[in-house]
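I set out to look up how aromatic rings pair in this structure, and where charged groups meet them. The entries follow in the order of the search.

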Amino acid sequence: MARVALASGACRGPRRFAVVFFVLAAAIASLPLTAEQAVARGPFGESRSALQKLVDEAYAKFKDVQEGKNADYIPALAKVPSQLFGIVIATADGKVVAAGDVDYTFAIESVSKPFTMARIMDQQGYEAVRDKIGVEPTGLPFNSKMAIELYKARSVNPLVNAGAIAAVSMLPAKTEAERSAMAIDNLSQFAGAKLTVMKDIFDSEYASAWSNRAIANLLYNYERLYSDPEEAMKVYTEQCSVGVTAKQLAIMGATLANGGVNPVTKKRVVKEEIVDEVLAVMLTAGFYDESGRWSAEAGLPAKTGVGGGIVAVVPGRLAIASFSPPVNEAGNSVRAQLAIKYIASRLGASIFVGH
Ligand code: DON
């Protein structure tokens, strides 16, 4: 049509220029993207600004949700301001978009567990974790002692407290200090930043760790713990007390999304071949006795922490992290779950949806 208009001379001066411009722009827009342009548009074809809009939207939509309450069985967690709420998407090619309280440092708690599991799989192989800890979901709360009695594997999987304490006991350390350094350095590598223990959280958690002490002793009794029980439990408590921001948590998840290479530091953190096994255990056990519901509703491997953090991984593409202290009965953050499910559904990111 533009050609007709030009040929007929109906279009002159600035109008003619505008028509030529639009014809050229349309032609350029229909050209296939270069690899660089495709990467710039993001893993789902969204631009950075579209991903930013999505996290802003999720923040606005869920910031006033009032359900849930801060965990208080660890007294220091009860003191964290309940209104804090942050959401971050970190892509496998290193883009980070964020909304809300994304630079606030909070206790990583159980979100640390898959990263220690990944380190043990990296060092000792998936089979060592399967055989010495287990990889089955318990269908029971994270601190269940009944699971230890019910299941032959005892520790059951590395994402419940029993299995996570067993994973810490498998770190190849000769001393408690070495074990502690290994656990924290590992989390730092995933985050691409030097993470440290929040002393107030650790003191509060270690002083009230009677349940975890019982778990460690039970496992030791059943020969399913591989170091001194108090040492394993103490280092596990340190690992849970590590401070992290929602941005750092998203980068930790994006390292798994990126096959074990931190997309910001570009350093390989764990072998690619163990990442799918890590993600599978996260899918089946990352939400404890809510793992089935989470898998059905979000369709993403994820891990929660009683400090209010959750990270979900879209393999090969991105991670979504969110932080908000009020948790539900199972110890999973209410606002963070809503935000992640909303973003995952808007992106069509469930691993069960054909892309
Ligand atoms: O061992 C505990 O009880 C805490 N350090 C961690 C528990 C936790 O984060 C449960 N997850 N939602």
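Entry 1, burial of a ring residue. I began with Phe85, which is buried at a relative accessible area of 0%. The model is a predicted one, and I read every value below as computed from it.

Entry 2, the pair count. I searched the whole structure and obtained nine aromatic pairs. In one of them, Tyr59 and Phe85 have ring centres 5.3 Å apart and planes at 20°. I record this pair as stacked, because the angle of its planes, 20°, falls under the 30 degrees that I use as the cut-off.

Entry 3, placement of that pair. I located Tyr59 in helix 4 (residues 48–62) and Phe85 in the loop between helix 5 (75–78) and strand 1 (86–91), so the pair ties together parts that are 26 residues apart in sequence. I then looked up Tyr59, which is partly exposed, with a relative accessible area of 25%.

Entry 4, a second stacked pair. For Phe106 and Phe323 I found ring centres 3.9 Å apart and planes at 5°, so I list the pair as stacked. Phe106 belongs to strand 3 (residues 106–107) and Phe323 to strand 7 (residues 318–323); the two are 217 residues apart, and the pair links distant parts of the chain. I noted both Phe106 and Phe323 as buried.

Entry 5, a cluster. I traced ring pairs that link Tyr73, Phe142 and Tyr288 into a cluster.

Entry 6, charge over rings. I found the charged end of Arg213 over the ring of Trp210, 4.6 Å from its centre. The charged end of Arg213 also sits over the ring of Tyr206, 5.5 Å from the centre of that ring.

Definitions and conventions: Residues numbered from 1 in each chain as written. Predicted model: local features only at pLDDT ≥ 70, side-chain atom pairs only at ≥ 80, totals over all residues. Heavy atoms only, no water. Phe/Tyr/Trp six-rings, centres within 6.5 Å; stacked < 30°, edge-to-face > 60°. Helix = DSSP H or I, 4+ residues; strand = E, 2+ residues; numbered from the N terminus. Buried < 20%, exposed > 50% of the residue type's maximum accessible area, 1.4 Å probe, protein only. Lys NZ or Arg CZ within 6 Å of the ring centre and 35° of its normal.
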